[in-house]
Amino acid sequence: MAPIIETRGLVKRYDGELAVAGIDLVVEAGEIYGLVGPNGAGKTTTMRIMATLLAPTAGEALVCGIDVTADPVAVRRRIGFMPDFYGVYDDLRVWEYLDFFGRCYGVQPSRRAAMIGELLEIVGLADRRDAYVSALSRGMQQRLCLAHTLVHDPDLLILDEPASGLDPRARVEVREILRALSGMGKTILVSSHILPELGELCTSIGIIDHGRMLRSGRIEEIERSLRASSLLRIDLLSDPRAATAWLASRSGVGDVIEGEPIGGLTRLELPFDGDATEQAELLRAMLEAGHVVAGFSQATSDLEEIFLQVTGQPAEDAA
Amino acid sequence: MTSVAVAPPRRSALREFTSSVSTIMAKELRSRFRGRRAFGVLTLYLAVLAAIAYGAYVVVGPDARNQAALGNPFDGSGNLPNASATVGQAIFALLSVFQLLLASLIAPAFTAGAISLEREKQTLDMLVSTPMRPGGIVVGKLLSALAFVVLMIVAAIPISALVLMYGGAKVDDILRQQVVLFTSAIGFGVIGLFYSALIKRTQTATVLTYTTILVLTLGSLLVWRFWTATVENAPGAGIGEVRTAPELLLYPNPAVAMIEVVANTELEYGDFSDALTRLRGGLPLTCDGGVCFPSEPQPFEVPFVPQGGLEGDAVNTRIGQFAVAPQPNRGLIIVSDHFWPRFTISFWALSILLVLVSMRLLAPAGLRLPFRRRPRPPVGAEPAADEVPA
């Protein structure tokens, strides 16, 4: 089965500055694909190209098998797009807002009323049908905007930072809605500069920085491939010098950093190439060699860690 | 559901266009006519127009009656054939000028933010990423913005029609007036819309719109006047030859068009007629057989017509008067259809051009959105429909 999004060597240049520098992205149907990267990494540009709001400088982008530059209108009929910064027409009522976008997408009048009811149900605004959009809270407006992407029952949702600026509760609500939509068979391309947010939601992620795709794939695969080279923390009660010398002789172990001893306990930190089995093997051999190990752990390697490893800098500082 | 089932059936380009226009209009009108504001503004506008008409009656009425009874104290001759027509003409002139002024103020106010406000409120991206054509969006925005202005003009027609009761302006004068008004209002609106599509900020777009309207109305007149002043006294000009700046400068000028429409209704050779004949670059009047009409630019010959050169004492008297002071009784109303048709054509051309440019500005750069699209096979081995799972 052909992927629902496919880009080949996508390049976008603004006034000579490279915003997207050759991104190859493949999203299979039914996935929730998270695009992660620091601000200015090229996430928004990539998404706007998919949403036919920007033309790529070079390369190809296919959405549902259609080239976005060759037939943008056909692409628009198949996607729902929510930009990172958006406004709502606050002088309309909630149902009028959805009715307007229904008309924009050419939804038949007979189907619009039912469609509005269903969408408001999905995003939990059914009781706000006749309220003015301006009277909604920020989180509700976000959900309304999410609902507008669904009026024409698209195959693909492109959501640029759908949870930005929301409080934790509203974030969870948005996440649950996205899960439900995925359950309804929608493919979702979502971006964020906050990794843990995506980790709980996405089936696949792509990490992008400086306009390049650094890693892309199923979330477990990425975690595994990165954990293969992880940081081990070993708390020793015995002589740290001997242990350091012993560790240095093992294969797969990088430079060992020796911490200051605290109450007879010395912490060693060492990069280690190996999966969980090899880690267990290392521990067993270490104990057999007579070192007294009080603690043996892998430095938490959640998505944030992966992100830092891959981009080489903290997410918030990178611009 | 496959994507084929989801996508609405493809419609003709024209139907897509009209449906885009009506979609935008429905939304815009919904928010614009909500509440009492529109109702209040319209009532106020009509009240002001009615007050102006009444004011003209109060000011001109007694004077016209005096003139009808005693004759004109200034040229000592022509007693007015109809005092009522004087009142009607005064009302017509005032309403024409006032409505044009109002159109120039109100129409841009509604359009100069039409697109830039969407950009400022960050709603434009979502609008543009729908399958609606930029043309439909632009025209829908324009029509809904102009709907209120058009409503104001149409609602004022009964007040303009007061003139018919007094006389002084005929139905075709009112038709001319309405054509010039509508053309101006639409043109002013389009200028606003164009700047709204071109400029990111509404404030800047608004300033540029009013500046452009000022240049079109007053600016072109000033340029024309100065240009004329430099050429009419230039060395080498033949004696009696009237030279002016190119008349083309005045064609897209709504004020000039309205001056002509009003001049057509003047009973005497009044200010508007005088302005018109000067603008036409002619001598103030050419009279023939008791009929005076604005002349085309021609050699300066009328004042040299010998006293007995034309038949009839009345004509001779008038020409004699004219040679001394160009304020004759016009005798018959002469219709000049020179500027206003040219204005109408050039302003519509300008409007259409600017609408087309605005559509272009709204479409994402680099993405071709042809009006009629050739169906294209999807890039890839299989048709798109099969690539999307149920």
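## A loop residue, a sheet and some helices

Thr52(A) is found in the loop between α1 and β4 (58-63) of chain A. The model is a predicted one. Thr52(A) has a positive phi of about 60°, although it is not a glycine. Is Thr52(A) buried or exposed? A residue counts as buried if 20 or more other C-beta atoms lie within 10 Å of its own. Thr52(A) has 26 C-beta neighbours inside 10 Å, so it counts as buried.

Glu161(A) sits in another setting, the loop between β7 and α6 of chain A. Its phi is near 50°, a positive value in a residue other than glycine. Glu161(A) is buried, because 23 other C-beta atoms lie within 10 Å.

Positive phi values turn up elsewhere in chain A. The table lists them by residue.

| Residue | Place | Phi |
|---|---|---|
| Thr52(A) | loop between α1 and β4 of chain A | about 60° |
| Glu161(A) | loop between β7 and α6 of chain A | near 50° |
| Asp15(A) | turn of the hairpin of β1(A) and β2(A) | about 45° |
| Gly290(A) | just after α10(A) | about 95° |

**Strands of chain A**

Strands of a sheet pair through backbone hydrogen bonds, either parallel or antiparallel. Take the hairpin first. Strand β1 (residues 5-14) of chain A and strand β2 (residues 17-27) of chain A pair in the antiparallel sense over eight bridges. Two residues lie between these strands. Within this pair, Thr7(A) has Leu25(A) as its bridge partner in β2(A).

Chain A also has an open sheet of six strands, with mixed pairing. The strand order is β6-β7-β8-β3-β9-β10 (chain A). Which strands stand at the edges? They are β6 (79-82) and β10 (212-218) of chain A. Each has a single partner strand, so one side of each is left without a neighbour in the sheet. From one strand to the next, the twist averages 15°.

Strand β9 (residues 204-209) of chain A pairs with β10(A) in the antiparallel sense, over six bridges. Here Ile205(A) has Gly217(A) in β10(A) as its bridge partner. Helix α1 (residues 43-50) of chain A lies across β3 (32-36), β7 (156-159), β8 (187-192) and β9 of chain A. Helix α1(A) runs at about 150° to β8(A).

**Helices of chain A**

Helix α5 (residues 138-148) of chain A is mostly covered, with nine of its eleven residues buried. Among them are Met140(A), Leu144(A), Cys145(A) and His148(A). The buried residues of α5(A) pack against β6, α3 (94-104), α4 (109-122) and α6 (168-183) of chain A. They also pack against α6 (124-128) of chain B.

Helix α10 (residues 276-288) of chain A has 13 residues. Of these, the number buried is one, so α10(A) lies largely in the open. Its first and last C-alpha atoms are 18 Å apart, close to the 18 Å expected at 1.5 Å a residue.

**Chain B**

The secondary structure of chain B comes to 15 helices and two strands. Of its 390 residues, 40% count as buried. Among contacts in chain B between residues at least 6 apart in sequence, 78% join residues at least 24 apart.

One helix pair shows how such packing is described. Helix α9 (residues 171-198) of chain B and helix α11 (residues 254-263) of chain B pack at about 175°, with axes 10 Å apart. That makes α9(B) roughly antiparallel to α11(B). Residues of α9(B) in this contact include Asp173(B), Arg176(B) and Val180(B), and those of α11(B) include Pro254(B) and Met258(B). The contact residues divide into five nonpolar, two polar and two charged.

Conventions
Residues are numbered from 1 along each chain as its sequence is written. Chains are lettered from A and ligands numbered from 1 in the order in which they are written. This is a predicted model: local features need pLDDT of at least 70, side-chain atom pairs count only at pLDDT 80 or more; totals for chains, interfaces and linings use all residues. Helices (H or I, at least four residues) and strands (E, at least two) are DSSP runs, numbered from the N terminus. A residue is buried if 20 or more other C-beta atoms lie within 10 Å of its own, exposed if 12 or fewer, and partly exposed in between; C-beta atoms are placed from the backbone. Two residues are in contact if their C-beta atoms, placed from the backbone, lie within 7 Å. Two strands pair if DSSP finds at least two bridges between them. Axes are lines fitted to C-alpha atoms, for helices over the stretch in contact, and angles run from 0 to 180 degrees between N-to-C directions. Angles under 35 degrees count as roughly parallel, over 145 as roughly antiparallel, 65 to 115 as roughly perpendicular and the rest as oblique. Ala, Val, Leu, Ile, Met, Phe, Trp, Tyr, Cys and Pro count as nonpolar, Asp, Glu, Lys and Arg as charged, and the others, Gly among them, as polar. The expected span of a helix is 1.5 Å times one less than its number of residues.
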